Amino acid sequence: MIVRPQQHWLRLIFVWHGSVLTKIFSRLFLNFLLSIVVILMLPWYTSLGIRLTVAPFSILGVAIAIFLGFRNNACYARYVEARLLWGQLMIASRSLFREVKNTLPDDPALGEFVRLQIAFAHCLRMTLRRQPQADQLSAYLSEENLRLAMDSSSPANRILLIMGEWLAVRRRKGELSDILFHSLNIRLNDMSIVLAGCERIANTPVPFAYTLILHRTVYLFCIMLPFALVSDLHYMTPFVSVLISYTFISLDTLAEELEEPFGVENNDLPLDAICNAMEIDLLQMNDEQEIPARKMPDKYYQLT
Amino acid sequence: MIVRPQQHWLRLIFVWHGSVLTKIFSRLFLNFLLSIVVILMLPWYTSLGIRLTVAPFSILGVAIAIFLGFRNNACYARYVEARLLWGQLMIASRSLFREVKNTLPDDPALGEFVRLQIAFAHCLRMTLRRQPQADQLSAYLSEENLRLAMDSSSPANRILLIMGEWLAVRRRKGELSDILFHSLNIRLNDMSIVLAGCERIANTPVPFAYTLILHRTVYLFCIMLPFALVSDLHYMTPFVSVLISYTFISLDTLAEELEEPFGVENNDLPLDAICNAMEIDLLQMNDEQEIPARKMPDKYYQLT
Amino acid sequence: MIVRPQQHWLRLIFVWHGSVLTKIFSRLFLNFLLSIVVILMLPWYTSLGIRLTVAPFSILGVAIAIFLGFRNNACYARYVEARLLWGQLMIASRSLFREVKNTLPDDPALGEFVRLQIAFAHCLRMTLRRQPQADQLSAYLSEENLRLAMDSSSPANRILLIMGEWLAVRRRKGELSDILFHSLNIRLNDMSIVLAGCERIANTPVPFAYTLILHRTVYLFCIMLPFALVSDLHYMTPFVSVLISYTFISLDTLAEELEEPFGVENNDLPLDAICNAMEIDLLQMNDEQEIPARKMPDKYYQLT
Amino acid sequence: MIVRPQQHWLRLIFVWHGSVLTKIFSRLFLNFLLSIVVILMLPWYTSLGIRLTVAPFSILGVAIAIFLGFRNNACYARYVEARLLWGQLMIASRSLFREVKNTLPDDPALGEFVRLQIAFAHCLRMTLRRQPQADQLSAYLSEENLRLAMDSSSPANRILLIMGEWLAVRRRKGELSDILFHSLNIRLNDMSIVLAGCERIANTPVPFAYTLILHRTVYLFCIMLPFALVSDLHYMTPFVSVLISYTFISLDTLAEELEEPFGVENNDLPLDAICNAMEIDLLQMNDEQEIPARKMPDKYYQLT
Amino acid sequence: MIVRPQQHWLRLIFVWHGSVLTKIFSRLFLNFLLSIVVILMLPWYTSLGIRLTVAPFSILGVAIAIFLGFRNNACYARYVEARLLWGQLMIASRSLFREVKNTLPDDPALGEFVRLQIAFAHCLRMTLRRQPQADQLSAYLSEENLRLAMDSSSPANRILLIMGEWLAVRRRKGELSDILFHSLNIRLNDMSIVLAGCERIANTPVPFAYTLILHRTVYLFCIMLPFALVSDLHYMTPFVSVLISYTFISLDTLAEELEEPFGVENNDLPLDAICNAMEIDLLQMNDEQEIPARKMPDKYYQLT
């Protein structure tokens, strides 16, 4: 995620970091070159009876803008839902540990339980980003539990099962009444909701045909644009063509980034920072001494 | 579902698989032919005093784009909701079995229960796709239960009743307290929510009149488009007409595919893969040895 | 509800049933006649200095399309919510009876309870459609209960109270613990949510002024359209004018149908079929022998 | 609320009641007069080199229509949410009393409790409409409770506290088990949700700047419209200008009405009728004899 | 928050307070100056063959309006959600204290508990606004608790833990049964939901690239607008250009304000007033004598 720099409105127009401009610069430059070619070739192909006017492109432009708006909505909704799910993980983690600590204040294994919770968050993050997990998780899980989790096709789900067993042992020992066990199970279920929700977003993209249809129409539109503009604008064609292309291509590209909110691109969610905040919170709730430092944005305003 | 191939932005413009282009190619080709006929006939019907300009079609095009955007929204919402329901089934299945296993860790019939859960998922999938079920379900259900389910007009609902009875027997034997029985019943209810939700989506389409009105206006619009464009664009008419038609017809067709998300077309949900993942997860949670292989996309990037 | 006929995309353009075309045909025909009159009168009123161009109507057309899109959204949301509520009734009915049957498997009055549930669904349906109820409900309710329900201003709510009393009697007899009584009460509350939700949709329409403002602007727009088009299109005016009018008027009319989803028009909900499905399900869950036949669409694809 | 009169589609164009036309008639008339002045002054200011064309206003008109559509959405969402909250009050009231009556069927003070519930609804209604309450509430509350409620800055919240105490007394006497007390408390909480939700809508409007920006641009747009239309339309300017202005101004004004859904204007919620229906329902559930008459729309189709 | 002044529709056009006009006046003035420069330079650069027409800007204007509408939606949704969360805090606070007071009516430490609740609200408000907290919180928290909260990286979460401990102590003493402890824990969890929800909104902005892309295209569009308008409008260019720029820039700026709803700008949430109302409510529920005065808007209609 790019943290917004506090800058004057005028300077924001020229900001380079955080926009998708770095990605699409070459495409806009191609559009610029094409416009110049079109200006030069105009006399030749006009003599062949070929002409294009703005009016039909106006219909097309508005239609594409509407459909692009729809796709942006759909992709942004995925981003928002992904963030919401991680917020729910924060809620469930804190509530679960608060209830456990209030109910079993003298349990000697509270530290073990809090580490299971932290391991769940890190495990989910690394699963979503397809990163290797065993190393980092070994800091939080016992050897036995680590092996069980790594053997599972869904390690995070296995950790939930281990947490449920941790609680069930105490229910069988009579330290937790059925009603409190039920109450804590609701929190585990909340974490299961987050897990399956994130898996759903990661595994089921916006139907590929949407991406394809819009990608295709946006680029064909931008390619034909200089031909349509040149008879009206002549020398100004490159500038207007690039500005219009920028509006459409940048939003198409941004939608593509937001569609997969769990990556590490500029506009993806800062899962590292969220996990880090969760770890600090849970360790502080257990009154532990060694608390990791808070993650801050780097000098490019980037927070992963 | 088509899994998105990782390709360069330029090559994506020419991708054939996964788009609806295969379906509508013949219609776009007809539009192309019509445009050529229109160019040839232009002198003749202009002499009859017949003329069409772009301006009125601009009003119509924008209006259709807005209404098509609305219908796309409605159809996409069905697709998203259907995926959400299957995600909730994943959540409920895992949570139900986690609670059962934590509460009754030594029950000898856990394997029977986990198979009831797997049968429920497969049964729901095959009901939604109107496929014959008895064969596949016989791998998970006892003969008696299979007969009960097949005799019912809603087999999946019957399986839920059998699962409830499985739990109720243990409640009556005193192995489950009322509060834990209540807690597990909430999970069964979650599965009932998924069942009825999928039935609702499958049985109640977007009002047919929406489909009809938009289908009709989109195609009449595309048929009249070459007539409107020809006086402005002349030789370029076929290209612009096909591009505009493509934008409108492809989105109309895609909306139609998304409206029924449980089919096996390119943009439908990969229910086979979801059921397969659920089966693997549940069997692993029960520490079973024989786990089926994970379903992967085929060489056309297709995942059913 | 009209069940979608499986037809070729080309034939769908000419489908008559299920569209709102039957309703608005006369209005479109008037528009056609008006266009012809406008063509004939054109020389006369041009000589008076009266002229209309397409450009201002373009602003108006786009604005109306946007607002119509908004109203369609609002009306469609009511239709979707109404369907959702009936889906929730299905869920609550099944879950309630599953829990009752699992908890009280040997209760001799299960048949009575299942009929109370069926009566609730039929009663709600007939209340929403303002149909007389006593006759049909007498098949499901005892005389005493029928009298109590009919005397109430909200019979469905009274049936809920009777169901609650049925359960409370068993609680007082010690057959239901407090926790299970609480659990079953949650299901009754779910049915109460459906009841009040349907009453809300039936009693509180979309603010009348929306209907009025859009109805008025759509029709005034369509009346003035031929005047605006005629100078550009001349002989083609009637065709284009009718096509644009069709787009706007049909969506205005469809929105009006969807606004009241509980009626028996082409695009209303098939409440008869839903109640019928619910009745079959509940009777089968109680292992009864006499199951009513499933309701199917008639030969006009109509399902009420 | 205006109840929709059943009228022919043609007559609806001229309906006066219920539309916002009564409110904005003078503004449209001013627009009409301005258009005539513009026609008369056209030769003079054209000679000064001042000219306005439709094209730039087309950009502005579409932009305003999109933003107005957004604001309509926001205001309508408040109206829908307000109605939803009152529907939830209906649900919670019925469910709470059903549970109380089923659990404590012989309690002599049931009549007192049902009046506390009715008082809550009336109190909320009058708080939202800023009407004096003491008189009407004295019919439902004991003197002591009335004094407590009136002394509080949020009387409805105080009534909830009194209802909670009514139940808590029975818990302490052993008539209500903890689990049923908990269950009834959930209903009280539902009523608390409605209360705080309505307060939120009443106290936090749509950000004032939205209202201001759109109000301002709509009116400036309508004022400049005749100047832009006159060179194209000449004598027809007043008619087209008033029609376009009507579309924009009426939706701006309606959004303003819907923004505050608790008032007593034409398009506000019929809180009197809802409270009346709730009172009838609750009294009938308690089998009381004196039931108030049902509120019906008056001869102007108005229901408050 | 600006409270809406009740003013005539005509005067609203010239209102200064509460709109974003104060912020963007200089930018509009620059646009005005630029337009005049463009008029003066028109003959010179036309002679160079440079020309711009309105048509391409129409495509761009509509596209920007659609995307701006989308961003407004996203930002307004954050504002609405933030307000909703504070409404939920009001609900949870009242319900929690009602349940505590009804269950433990004679507990001598009720005053302490109510102050913990008030401290939570103030602490959340000051955390979101990044204000120093220790001073104000010392009025509500014991020294020990204040220290614990201030030492935590999330003080509000620590206060929740303290509230949970307050209840857990009473559970261990046998004053609260497990079921009522569970019920009260649900309320604490509701407050945890509010806390994490507000943190989420404050820490995760709308993806920076949206802000950047739209900011950039809006300003480039407004800069090029005078060049496009001048050949059509000539002397009227400055007025029309400023009006169109106002529409776009003001909505861009407002969206930016709404994006961060917890600030103290004109269109931000009145958190001081909400906390104040919550404090009054809770103290009155505990029948305390010293109630703070209600916060009212100042003379500029501003409520913080």
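**A partly exposed histidine and a five-fold arrangement**

His234(A) is partly exposed, with a relative accessible area of 21%, where buried means under 20%, exposed over 50% and partly exposed in between, using a 1.4 Å probe and protein chains only. The model is a predicted one, in which local features need pLDDT of at least 70 and side-chain atom pairs count only at pLDDT 80 or more, while totals for chains, interfaces and linings use all residues. Residues are numbered from 1 along each chain as its sequence is written, chains are lettered from A in the order in which they are written, and side-chain values use heavy atoms, with hydrogens and water left out.

His234(A) sits in the loop that joins helix H9 (208–233) to helix H10 (237–259) of chain A, helices being DSSP runs of H or I with at least four residues, numbered from the N terminus. Most residues other than glycine have a negative phi. His234(A), although not a glycine, has a positive phi of about 50°. In chain B, His234(B) also has a positive phi of about 50°, lies in the loop between helix H9 (208–233) and helix H10 (237–259) of that chain, and is partly exposed at 22% relative accessibility.

How are chain E and chain A related? A rotation of 72° with 0.0 Å of shift along its axis superposes chain E on chain A, with an RMSD of 0.0 Å, the fit being by least squares on the C-alpha atoms of residues with pLDDT of at least 70 in both. That is the relation of a five-fold axis.

Where these two chains meet, 65 residues of chain E are in contact with 71 residues of chain A, contact meaning heavy atoms within 4.5 Å. Only 6% of the interface residues of chain E are also interface residues in chain A, so the copies meet through different surfaces. Chain E and chain A bury about 6,200 Å² between them, 67% of it on carbon and sulfur atoms, where buried area is the accessible area (1.4 Å probe) that two parts lose on being put together, summed over both. On the side of chain E, Ile59(E), Phe208(E) and Arg216(E) lose the most area to chain A, together 12% of what that side buries.

Between chain E and chain A the count is two salt bridges, each a side-chain nitrogen of Lys or Arg within 4 Å of a carboxyl oxygen of Asp or Glu. One of them joins the side chains of Asp287(A) and Arg158(E), at 3.0 Å from N to O.

Terms used:
Helices (H or I, at least four residues) and strands (E, at least two) are DSSP runs, numbered from the N terminus.
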